[in-house]
Amino acid sequence: MPRPALPCPPHKPGRGPPGGGRGGGAGAKTPGCTPPAGAGRTRRGAPHDRRFPDSGELLAEALAALAQSSSPSAREVLVGLAVPSDEVRWEREVPDGGSGAAYWVAQEQLRGAARSMLIAGALGTYGRAGYYGARHKRQAEGFMAEVLVGPAAAGRRLTAFVPVRGGRGAVAGLQRALHAARDATDYQRATGGMEAFDAAVELGVCHELVQALIALVRDAEGVRIAVEWSPGAGAPAGCPARPEPVEFSAGDLPALQQAAQRYVRDEPSLPVRVTGAVIRLRRERPGGPGTVRLRVITGADVVQVRVALGEEDYRIAGHAHLVGLPVRVSGRLESRGGFRRITGGRDVTPVQVDEAERDRLLKSLQENLDFFEEACGAEE
């Protein structure tokens, strides 16, 4: 999909004629810009580089024209100029008409699904899995903090600008995964088999990506997703210079829904040995087993986990919490619930930390005494 052209202010005398000489044309040193669809035929010259005496003035005028333009493409050009970025574009076919509330819902659906899709692309850069759940959530949210997103007009079109530095791997992975998901969907619809979705995991297809596609296609006639690389950076290695857009329709929903369920069901639990700070303790009665919540420091790619412990391990975790020490615990990180729970917790051991970390943990304890529930309260 071509990038939007610069909206141009009226030509001023003294700069050479628009369409010739320095104003643009065959021998132009300052190429002219093409007005967007529906605009007038006036062109504005933009300097080829800074060697020309009035290059700064010309650039300033072009940027001012963008800032003042009412064209939707103007903001996209400004955003694209701010940071060298790859672009991901969504076009969603939704029924015409409806109330303002319906348009607002469509916009929120498009924004939410686009965000989920970009997060799925980021997750693929941390490792391959059919279902990530809470794993790598912190890193993926950090990635999204750098992404600029344009307006979602009537829930039909949306563009995300992903900085090349720090985000190219996610966009390249997403582009490959979308085509793999399209191929797997075609295979399932033709044969009824799900094997292609299993193989597509190695290409970045996952539960999170499929769920984003379902959200895009639901209540719509279809969706078209296109990727365009930053002109300055060019295409990444192994990717086509002009990737073909990928399309999904309402007829793909059954295959996508089966794949989403399959990825959750088939992702195995993982043996782990986690080190974390105890931030909550609960048990039904004194002197029995209980549940602790840990803020993970090392050992698992999640932010927090809950662990069911026997009486002795629970007592050790409580004492470590009181003196401001993290604990180490072994068990299995369960996929059910999004990898937020460790089952079979055992071998709880306090871990020594440096003074600064211990002071921070003790301060956290003092600020959250209400969470220290040793003798009462239901298990979470």
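**View 1. Val307 and its partner across the strands.** In this predicted model, Val307 sits opposite Ile342, a residue of β10. The two strands involved are β8, residues 304-309, and β10, residues 341-350, and they pair in the parallel sense over two bridges. Step back a little and you'll see that both belong to a closed barrel of five strands, which runs β6-β7-β8-β10-β9 with mixed pairing. Neighbouring strands here are turned by 50° against each other on average, ignoring direction.

**View 2. The open sheet and its edges.** Here's another set of five strands, this time forming an open sheet in the order β2-β3-β1-β4-β5, with antiparallel pairing. At the edges stand β2 (148-149) and β5 (246-249); each has a single partner strand, so one side of each is left without a neighbour in the sheet. For β2, pairing with β3 (residues 157-163) is antiparallel and goes over two bridges. Look for Leu148, whose bridge partner in β3 is Phe161.

**View 3. Helix α7 and what comes after.** Helix α7 covers residues 207-217 and is mostly tucked away, with nine of its 11 residues buried. Among them are His207, Glu208, Leu209 and Val210. Just past the helix, Asp219 takes a positive phi of about 65°. Carry on to Glu221, in the loop between α7 and β4 (222-228). Glu221 has 55% relative accessibility, so it counts as exposed. Leaving aside residues up to four places away in sequence, Glu221 touches Glu93, Ser249 and Ala250. Its C-alpha atom is 6.0 Å from that of Ser249, even though the two residues are 28 residues apart along the chain.

**View 4. Tyr131 meets Phe339.** Searching the whole structure turns up two aromatic pairs. In the one shown here, Tyr131 and Phe339 are tilted, at 5.9 Å centre to centre and with 40° between the planes. Tyr131 comes from the loop between α3 (100-123) and α4 (137-144), and Phe339 from the loop between β9 (327-334) and β10, so the pair ties together parts that are 208 residues apart in sequence. Both Tyr131 and Phe339 are buried. There's a charge to spot as well: Arg135 lies over the face of Phe339, 3.8 Å from the ring centre.

**View 5. Phe197 and Tyr263, edge-to-face.** The ring centres of Phe197 and Tyr263 are 6.5 Å apart and the planes stand at 80°, so this pair counts as edge-to-face. Phe197 belongs to helix α6 (residues 195-200) and Tyr263 to helix α8 (residues 253-266), so the pair ties together parts 66 residues apart in sequence. Phe197 is buried, at 0% relative accessibility, and Tyr263 is buried too, at 4%.

How values were computed. Residues numbered from 1 in each chain as written. Predicted model: local features only at pLDDT ≥ 70, side-chain atom pairs only at ≥ 80, totals over all residues. Heavy atoms only, no water. Pairing = 2+ DSSP bridges. Helix = DSSP H or I, 4+ residues; strand = E, 2+ residues; numbered from the N terminus. Axes fitted to C-alpha atoms, helices over the stretch in contact; angles between N-to-C directions. Buried < 20%, exposed > 50% of the residue type's maximum accessible area, 1.4 Å probe, protein only. Contact = heavy atoms within 4.5 Å. Phe/Tyr/Trp six-rings, centres within 6.5 Å; stacked < 30°, edge-to-face > 60°. Lys NZ or Arg CZ within 6 Å of the ring centre and 35° of its normal.
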